[in-house]
Structures are given as C-alpha cells and as structure tokens.
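Student: I have just opened this model and would love some help with it. Could you take one part and walk me through it closely?

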Amino acid sequence: MHLRLRVWRQASATATGKLVEYDAPNISPDMSFLEMLDVVNERLMEKGDDPIAFDHDCREGICGSCSLMINGAAHGPMKATATCQLHMRSFRDGETIDVEPWRAKAFPVIRDLVVDRSALDRIIQAGGFISAATGGAQDANAILVPKTAADAAMDAAACIGCGACVAACPNASASLFTASKISHLGHLPQGQPERRRRVLSMVNQMELEEFGGCTLYGECQEACPKEISIDTISRMNGDFIRAGLTDWR
Amino acid sequence: MSRALRFYRSAIGKKVVMAVTGLIGIAFVIAHMTGNLLAFAGPEAINSYSHFLKSTGELLLVLRAVLIVAVILHVIAAAQLTIQNRAARPMGYVDREPQVSTWASRTMRWGGLLLLVFIVLHILHFTTGDLKPAGVFSTADVYGNIIASFRIWWVVLFYLISMIALGFHLYHGAWSSVRSLGLRQPSPNPLQRRVALAVAAIVWAGFVAVPVAVFVGLVG
Amino acid sequence: MNLNARIPAGPLEKKWDRHRFEMKLVNPANKRKYNVIVVGTGLGGGAAAATLGELGYNVQCFCFQDSPRRAHSIAAQGGINAAKNYQNDGDSIYRLFYDTVKGGDFRAREANVYRLAQISVNIIDQCVAQGVPFAREYGGLLANRSFGGAQVSRTFYARGQTGQQLLLGAYQALERQIGAGTVRMFPRTEMLDLVVVDGRARGIVVRDLVTGDVRSHVADAVVLGTGGYGNVFYLSTNAKGSNATAIWRAYKRGAAFANPCFTQIHPTCIPVSGEYQSKLTLMSESLRNDGRVWVPKSVGDKRAPNSIPEGERDYYLERKYPSFGNLAPRDIASRGAKEVCDEGRGVGESGLGVYLDFADSIRRVGESVIRERYGNLFEMYQRITDENPYEVPMRIYPAVHYTMGGLWVDYNLMSTVPGLHVIGEANFSDHGANRLGASALMQGLADGYFVLPNTIGDYLASSKPEKIDVSHAAFRDAEAEVVDRARRFVDLRGKRTVDSFHRELGKIMWDKCGMARNAAGLKMALEQIPRLREEFWRDVNVPGSDRQLNQALEKAGRVADFLELAELMCIDALHREESCGGHFREESQTPDGEALRNDERFTYVAAWEYAGATNAPLLQREPLVFENVKLSQRSYK
C-alpha cells in the first residue's frame with residue numbers, strides 16, 4: 001500500500017503545532033496502525049528527523065495507552081477496536097489519513113500525539129474504589145453476588161481508561177469513563193456502602209478537571225474499544241440525583 | 001452553599017433541570033397540539049375551548065408561570081452547559097466525523113434558539129395579538145385568527161419550519177431527558193428511541209395539520 | 001557474597017506463621033517516618049505501594065507509563081490460582097504447593113512455594129472485597145475452571161481479562177492511598193539507577209520522561225516490582241515498554257541475578273507475519289482443549305491446509321504423547337512446534353507456524369458450541385490475521401511470554417543488597433524452571449499484598465538507617481552517570497536505529513538461547529552479542545535532545561541494558577548443562593529425545609554476581625533442598 005499521512009506535530013506542550021504531511025510507501029496491509037507508524041518513524045530517523053511521538057504499550061488492546069484520532073474517529077474506523085489492534089487493511093491504497101491527538105482541555109498535548117490523561121486518574125482517586133484495606137477481607141464466598149450483577153459489573157469494568165470517550169465526545173465529556181467505574185462498583189454488593197459518596201465525589205472531580213457535560217450524543221459508546229454502554233451514564237445520573245438530593249454534605 | 005445550588009452547579013444537575021423542564025414542555029405541547037386539532041371540529045368547538053381555558057383564572061396563571069419559568073430555566077441551563085462544553089475543547093479537530101450522533105442531537109442548540117424565537121413570536125401572534133400578519137385579531141374568535149393568518153403563505157412557511165425544528169428537538173429531547181434523569185432500564189441498544197420518534201412525529205403532525213389544512217382550504 | 005535464603009526453621013506449614021511472629025515490627029506511630037520507594041505499578045508494585053500506604057508508611061511510587069493502571073499485568077488473560085477447594089475436587093494448599101514445585105521442574109524453593117499456596121486463598125478474599133468482578137455461578141458463588149493441564153478446578157477468572165481486573169483492583173487501592181496522601185505517585189518517570197550508601201539501598205535516580213529532568217529520590221528501603229525481561233528477545237508477548245533496566249541497574253549495583261536463562265515460551269501465539277512485526281499476541285492456552293495441532297508430513301508442502309488429505313497430516317503431539325496429546329505442558333508443546341518447523345514442515349509464509357485445527361471439534365459439537373467457548377479468541381485471531389478460524393485452521397507458533405529468572409531474593413524478598421526488595425516477575429520467583437498457567441498473577445499479588453508489607457517492616461525495624469538527602473555524594477555521582485549516558489546517546493548521531501539493533505539481538509537470543517540450546521550455539525552468541533553491543537555504542541541513532549520527551553532515547557537506554565543482560569543469559573544457559581523446565585539443552589536428553597534433568601549437578605539456584613564491566617560475572621550457588629517433595633522425572637508419554 002502507498003499512503004499519505006497528515007500527522008499532528010507539536011514539539012512540546014507550549015509550542016504551536018501543525019499537521020505535517022508524510023509519504024508512506026510500501027505499507028503492508030497486515031501491519032497494525034502502530035506498526036505502520038513504527039515504519040514511518042524508522043524512515044524519519046534514518047533521515048535524521050525526530051520520530052513521531054505517540055503513546056502505546058501492550059499492543060493487544062488492553063492497557064489503554066494508545067490513542068489517536070484517525071480520520072476524525074477515535075481509534076480509527078473499526079468498531080470495538082483500539083488503535084493498536086487496527087490493521088492497515090481497513091484503509092484503501094492511496095488514501096490520505098489524518099492523525100491527530102485526543103483533544104480536550106483536560107488532556108493537554110505533551111508532544112505530537114501524546115497527551116496527558118492524568119485527569120482520569122484523579123477521577124478514580126476521588127472515589128473510584130472500595131475502601132478495603134489489605135487483610136481484613138472475609139471469605140470470598142461469604143459475599144454472594146448474583147451472576148447477573150457480576151456480569152453487569154464486568155461489562156462496565158472492562159473500561160481500559162484510554163480516553164476515547166472524551167476524545168469522541170463533542171463536549172469532551174468524561175461521563176462514560178466516570179460512569180463505567182461507578183456502574184462497576186455500584187452493581188456489586190461490596191460497592192454499596194460507599195455508593196453515594198462515590199458518585200458525588202467522582203462527578204465533582206470530573207467537573208474540577210474541566211471536562212464537558214453529557215448531551216447523550218452516543219459518540220462515546222461508538223468510540224469505546226470495549227463497547228461500554230451509555231446505560232452506565234443513565235445509571236450514574238440516577239445515583240447522582242438520589243445522592244445529591246439526600247446525602248450531600 | 002445550599003444543597004440545591006450545589007446540585008445545580010454540576011453538569012448533571014443542570015441536565016436534570018433541562019430534562020425536567022423539557023418534560024414539562026413536552027406535556028404542554030402535547031396538550032396544546034390536542035387543543036389545536038379542535039379547529040377541525042369548527043369555530044364553536046375551538047372558541048369555546050379557548051373560552052374555557054380563560055375562565056379557569058388563577059389556574060391558567062399558574063400554568064403560564066410554570067411554563068415561563070420552565071422555558072427560562074431550560075434556556076439558562078442550556079446556555080451554561082454550552083459555555084462549559086465549548087470550554088472543554090478549546091482546540092477542535094481538523095477532521096471530525098460524527099459516528100452515531102443524530103442530526104437532531106447536534107442541532108439542539110440552534111434548533112432550540114429558533115424555537116425560542118418562535119415561542120416569542122407565536123405568543124405575540126396568537127396570545128397577545130401584537131403581531132397581526134392578516135391585519136385582524138380578536139381575543140374572542142380564536143378560530144377567525146387561525147383562518148386569517150394561515151391563509152398567508154409565509155406565515156404557514158414560518159410555522160412549518162418551526163415545527164420541523166420542534167420535531168427534531170423532541171426526537172432527541174424526549175429520549176435524552178428520560179436518560180438524563182436515570183429513569184431508563186438498560187437496553188441492548190440504548191441509542192434506539194422508538195417512543196421519542198413517536199412523540200416527535202405525532203406532535204409535529206398534529207401541529208402542522210391545522211395550518212396546512214387552512215392553507216389548502218380544507219378548513220375555513 | 002552471602003546467599004543466605006533465611007528460610008525459617010520448623011515444619012513447612014508452620015514456617016510463615018512462625019516467621020511472622022519472629023519478625024520485628026515497626027511501631028504504628030513510627031511508620032510514617034519511614035520512606036519506601038516502590039518502582040513499578042503492576043500486580044506486585046501496585047499492590048505493595050497501596051498496602052504500604054495503608055499501613056502508614058510514606059511511599060513514593062514510580063512508573064514509566066502515563067498511569068499506574070497500564071502496567072503489563074493488565075494483559076494477563078486466563079486466571080489466578082488459589083487453593084480454595086470451593087469445587088470439592090480434592091484441592092488443598094499442599095496440592096497447589098506440590099503442583100507448583102513439580103511444574104517448576106524442582107528448581108524452586110519449597111518454603112517460598114508453600115507460602116505462596118497458603119496466601120493464595122487470602123488473595124481471592126482480598127480481591128473480592130475490593131470489587132473484582134470474578135465470574136460467578138447463578139447462585140452467586142464464585143466460579144472456577146481448570147487451567148493449564150491442572151487436574152483440579154482452582155482457577156478464578158474474570159472473562160478473558162483476569163489480569164486487567166486484578167490490576168484495576170490494586171490500582172484503585174493505590175489511587176485511594178494517593179488521594180489519602182500516603183503515596184506520592186510519579187508516572188512517566190523511569191528509574192535509571194539504584195543508589196547504594198554504606199552497603200544499603202537508599203534511593204534511586206530517575207528521569208522525568210516528559211521534561212528530561214534527572215532527579216534523585218531518597219528512601220529507607222527500595223522495592224522493585226518492574227516485571228520480567230522477555231523483551232530481550234525483541235518479539236515477545238510483553239508490552240513494548242517492558243524492560244529490564246531497573247533490575248539490571250540493581251544488578252550492577254550489587255544485587256545477584258538468579259537463573260537468568262529461565263524463560264518461558266508460550267506455545268499458542270499468533271505467528272510472525274513480517275519484518276515490521278512489533279510484538280506477538282498470545283492466544284489463551286484453553287484453545288488446545290478443542291484444537292488439534294498438526295503439520296504436513298512432507299517437507300515443503302505448500303498446499304492450502306484444507307486440501308491436505310488426512311493421511312498426509314502429522315498430528316505430532318498426539319503421535320508422540322498419546323496420553324496427553326494436544327494438552328501436553330507448555331514447554332513440550334512449544335518444543336514440538338520448533339522441531340517440526342526446523343525440519344522444514346512449518347506452515348504459513350514464513351514457515352514458522354503449525355496448524356491448530358478445530359474442524360474435528362466443530363464436526364463433533366457444532367460451530368455454535370465452539371463459538372460460545374472461544375468466540376472472542378477467534379475474533380481476535382481473525383482481526384489480526386484476516387483468516388476465519390472456523391473455516392481455515394489457525395496458525396500458531398511459540399513466543400516468549402514470561403521470565404522465571406530475576407534478581408535473587410531471600411525468604412523476605414530482599415536481594416543481596418540490604419534494603420533492596422524485589423517482588424513479582426522481577427525476582428527469580430517461585431516458579432522454578434517453568435511457570436504453571438494462572439500462577440503469575442498469584443505470585444505478584446501474594447508478594448505485593450501479603451509478603452512484602454510484612455517482611456519490609458522487619459528490615460526497617462532492625463536497621464537504623466541514618467538520615468541522608470540527595471546531596472549525598474552517592475546520589476550526585478549516580479545522577480551524573482545517568483545524565484552522561486543520556487548525553488552520550490543523543491551525541492552519537494549514528495546510522496542505525498535502536499529497533500534495528502534490538503531486532504538483531506532478539507534474533508540471536510531466539511536462535512541460540514531460546515527453547516532449545518546447545519553449547520556451540522551459546523558460545524557463538526557470546527561472541528555475537530559483545531560485537532553487536534560494541535556496534536550499538538558506536539553507531540546507534542538517537543535523534544532529538546535529552547531535555548524533552550524522547551521515546552527513541554528511552555528505548556536506547558533499555559536496549560543498551562538488554563545487550564548486557566543477553567550476555568548474562570547466555571553465560572547462565574551455557575553453564576546449566578541440563579534440560580529442565582522450559583529449557584531443552586540438546587546435550588542433555590533421553591535416548592528418545594526427551595528432556596533430561598541432572599539433579600546431581602544442578603539442583604541449585606544459579607545467582608550471578610556482577611564483577612565489573614571487564615570481568616566475567618561470578619557464579620554463586622544456593623543449593624535447593626527438598627524435604628517434602630520427592631524429585632521425579634516428568635513424563636507425558
């Protein structure tokens with residue numbers, strides 16, 4: 001395949017960036033998108049140029065490091081697929097591909113396609129956990145969890161924290177990310193004691209990080225490599241309303 | 001800070017306000033649309049219905065107050081959320097392809113603005129009578145006002161365009177308000193919105209029926 | 001060097017209890033006065049940092065990824081073992097202990113493995129309390145499955161994402177402590193050196209990967225949970241960033257490196273498809289329950305698999321191991337694939353692959369049953385290879401997956417440098433020469449939640465570290481070395497990219513120090529690696545500056561360390577003249593070609609001590625004493 005790339009290049013957080021065009025000949029359709037970028041980078045380095053910086057790690061769609069807005073879609077054109085699992089056979093020979101970083105006020109660009117997603121960690125810090133210090137647990141089977149509840153919790157817990165929901169949302173909202181953790185823990189009996197406190201402080205933190213609000217466009221669900229449902233957002237709102245009207249301290 | 005204010009300060013709080021006021025609006029437009037259809041039953045039917053409404057006195061005042069407050073809250077919350085949402089992405093994408101969001105959802109803001117303009121003009125037109133496109137207005141003869149106005153092509157056109165905007169606004173709003181309030185049960189395809197489609201289509205058809213019927217001469 | 005494993009006296013099942021009683025404790029009010037550094041945030045590091053924070057220690061935690069949630073533990077699919085015996089199928093702590101020692105081909109410490117089996121039950125309790133959504137039965141009890149050829153169902157799982165869910169549990173506990181202020185987190189920060197003062201580990205030197213700043217952090221104890229070094233082979237199932245730098249720097253500062261040649265090769269990975277391939281993807285071993293492994297009988301048969309008649313296929317695992325067949329253990333299945341490919345009977349374009357055929361199972365139980373069992377795996381396979389495994393047999397090939405070797409630690413998980421503790425895959429671990437399926441997660445969490453937080457207190461309480469700060473000469477010197485090294489890379493302006501060196505190193509290691517080795521090959525590798533290293537330091541190309549985010553520079557540092565570690569691995573492999581666990585030494589086999597262990601000569605842990613850049617490393621031996629288990633030869637015929 002012979003492709004043309006237009007890639008966002010930005011030397012540092014404070015520098016101004018721009019889209020730069022690259023010619024990418026001899027690309028195998030069996031390459032993953034990131035392997036294609038590896039090849040482009042090798043060629044850049046052989047010419048003495050700086051390679052394109054991008055986040056990646058496991059390359060099997062589970063660590064959530066990889067990002068990339070590809071032709072205007074978070075993680076590219078393939079549904080339920082992170083960028084690292086996207087293969088070049090999803091593109092046409094001769095195509096021009098735009099590659100941009102996630103864009104949100106809460107995700108400042110660090111360099112090229114690398115952004116700072118630590119806001120998501122701080123949302124978890126605010127309450128995305130069950131307070132169970134090591135050592136005090138009772139026997140695991142003493143807590144019965146109906147299979148339906150365990151399955152629903154697992155559906156939400158599949159979130160890889162990549163931030164595609166924020167990137168895809170026209171409002172740059174982190175609602176799907178936040179709601180998936182709230183749903184995961186809220187479906188389980190272990191998560192009940194802190195359920196109200198959790199939703200209040202996580203939502204509050206989401207606002208402090210300056211993410212947008214949810215308009216239920218549904219773009220997040222479509223972009224999510226783990227296909228997490230916007231049902232979780234509805235659930236979060238329900239929890240928030242109950243807690244907000246009764247428990248706010 | 002009071003609990004209510006703190007609740008409202010969050011985006012979800014504002015969405016709750018928008019959803020509740022939006023649902024009030026939906027209830028209102030359905031009732032309004034049903035009343036309008038009395039035009040098909042002739043002058044006496046709709047004129048006496050109008051007379052009945054006015055005779056309720058304080059109740060009508062309360063209803064009007066609720067509706068006005070609802071519209072104001074709906075608009076303020078929408079404006080604040082729009083500002084927050086715009087600020088959340090100071091730099092946009094060069095290339096952005098909407099994947100599944102409906103046209104209706106993406107035009108809530110502009111469509112909403114058009115509806116606001118419509119509501120003001122509509123009140124001036126049929127409630128207060130300050131706008132007289134046909135040159136005549138009578139508080140007692142609602143039927144006459146309708147017939148006179150909807151014989152004019154550009155009045156009909158304005159109403160038709162506004163009702164299309166209302167239809168789209170409801171198509172997204174009727175669905176999303178329930179979800180914003182956390183009232184929907186999980187579904188395998190949460191983006192599906194059959195009820196909202198029905199509400200939007202019925203309200204749109206009901207509102208459009210009268211001006212079109214008058215214009216083509218079926219009524220009056 | 002003193003290799004005292006400090007195994008407590010007394011009967012096996014009492015050792016850990018007795019040890020916990022005999023260890024010194026740190027007064028609760030004093031814990032916050034102790035600083036502990038934890039490097040790595042996987043199951044080991046993440047769990048340790050969270051637990052130490054809960055206990056009240058002052059913790060500084062580091063990871064090179066942008067968030068602690070991204071550590072590679074997250075990619076583990078299958079499950080986690082625990083001797084709960086919830087299925088009433090005859091499991092017990094002793095049986096898990098026995099299976100692990102035997103599976104490790106009798107090259108692990110009995111006391112450590114027994115403790116691991118004891119703690120395994122607490123891990124499940126802890127994880128459930130944290131909200132890990134393990135699979136459940138309809139009645140609400142935990143579900144189990146049998147895994148990796150175990151004869152009991154003791155594996156707990158969360159769909160095919162057990163590692164992810166366990167890691168998120170640890171990550172959430174860690175974030176809770178960060179929020180509480182007991183742990184300070186430093187993401188995108190890479191440890192580049194260990195600082196030893198007066199013979200004790202007192203801190204680390206790190207590089208901020210965003211700004212390029214080089215800084216020191218002081219502590220009273222240092223914990224490394226930095227994972228394995230499988231990426232020395234370039235292609236492995238490890239994450240791209242997984243590296244050996246932290247443990248290698250520690251080795252060069254005096255920590256002994258144990259059994260470096262012990263690596264595990266997983267039999268069911270998706271084969272390499274081209275030169276550009278950047279990593280290998282593992283497919284769950286459970287596929288071998290229903291798939292039949294075969295290659296064509298004749299060399300160079302390039303026909304499409306479905307047009308090769310039954311009579312011309314060689315189901316070599318079923319032929320050679322009639323009782324275990326396609327379910328033969330990992331090492332045997334991997335070696336079998338290598339053998340047939342070496343004979344020229346491999347399939348696929350590269351000839352490095354064997355078929356895993358589901359046609360018989362689909363005929364027997366129907367496609368829908370197969371879809372239910374392996375649907376997500378088949379989908380993943382199709383996404384990567386663009387072939388439909390319901391119609392065409394899968395192609396699989398072994399890939400490096402885990403490293404059993406690592407820094408030597410005693411029963412307290414402390415290395416030969418006092419104060420330096422090593423946990424999880426980074427230490428030489430409890431898996432001996434071969435790890436059983438679903439045991440890595442168990443060990444990481446056992447170390448992180450339950451062992452280290454207890455044993456580190458003993459060290460802190462019994463050593464009275466004097467007050468020092470980053471102005472100490474040892475820190476200044478180490479920082480200067482780190483800065484110099486980074487400068488050297490960016491000033492080289494050579495011709496070859498880092499990856500091209502890494503790929504070449506990987507090929508040497510795979511060919512000469514992989515599933516099967518022999519003295520001649522290893523000796524050749526020991527000539528090639530230093531040559532490659534010399535060329536690397538002469539001609540590597542690292543564009544950009546060291547004062548910014550520079551991913552080429554990060555990689556160069558890691559590959560430079562791999563180039564040294566690779567040599568140690570070959571030295572260790574050369575000295576171990578026996579076949580054991582995953583390591584087939586061609587000179588040591590039975591007349592019918594099976595692995596032959598040599599217990600008389602090699603029942604020990606080989607711990608290598610750094611002796612300077614120009615000297616050969618020194619071998620120290622920790623003899624392994626088996627008091628409870630009788631050594632036997634594994635047989636799967």
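Tutor: Happy to! Keep in mind that this is a predicted model. Let's take chain A, beginning with how its two domains sit relative to one another: the C-alpha centres of domain 1 of chain A and domain 2 of chain A are 29 Å apart. For their contact, domain 1 of chain A supplies 18 residues and domain 2 of chain A supplies 20 residues. To find these parts in the sequence, use the domain assignment, which places domain 1 of chain A at 3–111 and domain 2 of chain A at 118–246. Between them, domain 1 of chain A and domain 2 of chain A bury about 1,400 Å², and carbon and sulfur atoms account for 61% of that area.

Now zoom in on a pair of helices in chain A. Helix 2 of chain A covers residues 118–127 and helix 5 of chain A covers residues 175–186. Their axes are 11 Å apart, and the helices pack at an angle of about 30°. What does that angle tell us about helix 2 of chain A and helix 5 of chain A? Angles under 35 degrees count as roughly parallel, therefore helix 2 of chain A and helix 5 of chain A are roughly parallel to each other. The crossing between helix 2 of chain A and helix 5 of chain A is right-handed.

Which residues touch here? From helix 2 of chain A come A:Leu120, A:Ile123 and A:Ile124, and they meet A:Phe177, A:Thr178 and A:Lys181 of helix 5 of chain A. Sorted by class, the contact of helix 2 of chain A with helix 5 of chain A has four nonpolar residues, one polar and one charged. You can match those classes to the names: A:Thr178 is the polar one and A:Lys181 the charged one.

Finally, let's step outwards, to where chain A meets chain C. Chain A brings 77 residues to this contact and chain C brings 75 residues. The two chains bury about 6,200 Å² between them, with carbon and sulfur atoms giving 51% of it. On the chain A side, the residues that lose the most area to chain C are A:Asp57, A:Thr134 and A:Met154. Together, A:Asp57, A:Thr134 and A:Met154 make up 11% of what the chain A side buries.

So try viewing chain A in this order: the two domains, then the pair made by helix 2 of chain A and helix 5 of chain A, and then the contact with chain C.

Conventions: Residues numbered from 1 in each chain as written. Chains lettered and ligands numbered in written order. Predicted model: local features only at pLDDT ≥ 70, side-chain atom pairs only at ≥ 80, totals over all residues. Heavy atoms only, no water. Domains from an automatic or database assignment. Contact = heavy atoms within 4.5 Å. Buried area = accessible area lost by both parts, 1.4 Å probe. Axes fitted to C-alpha atoms, helices over the stretch in contact; angles between N-to-C directions. Helix = DSSP H or I, 4+ residues; strand = E, 2+ residues; numbered from the N terminus. Parallel < 35°, antiparallel > 145°, perpendicular 65-115°, else oblique. Left-handed = near helix turned anticlockwise from the far one by under 90°.
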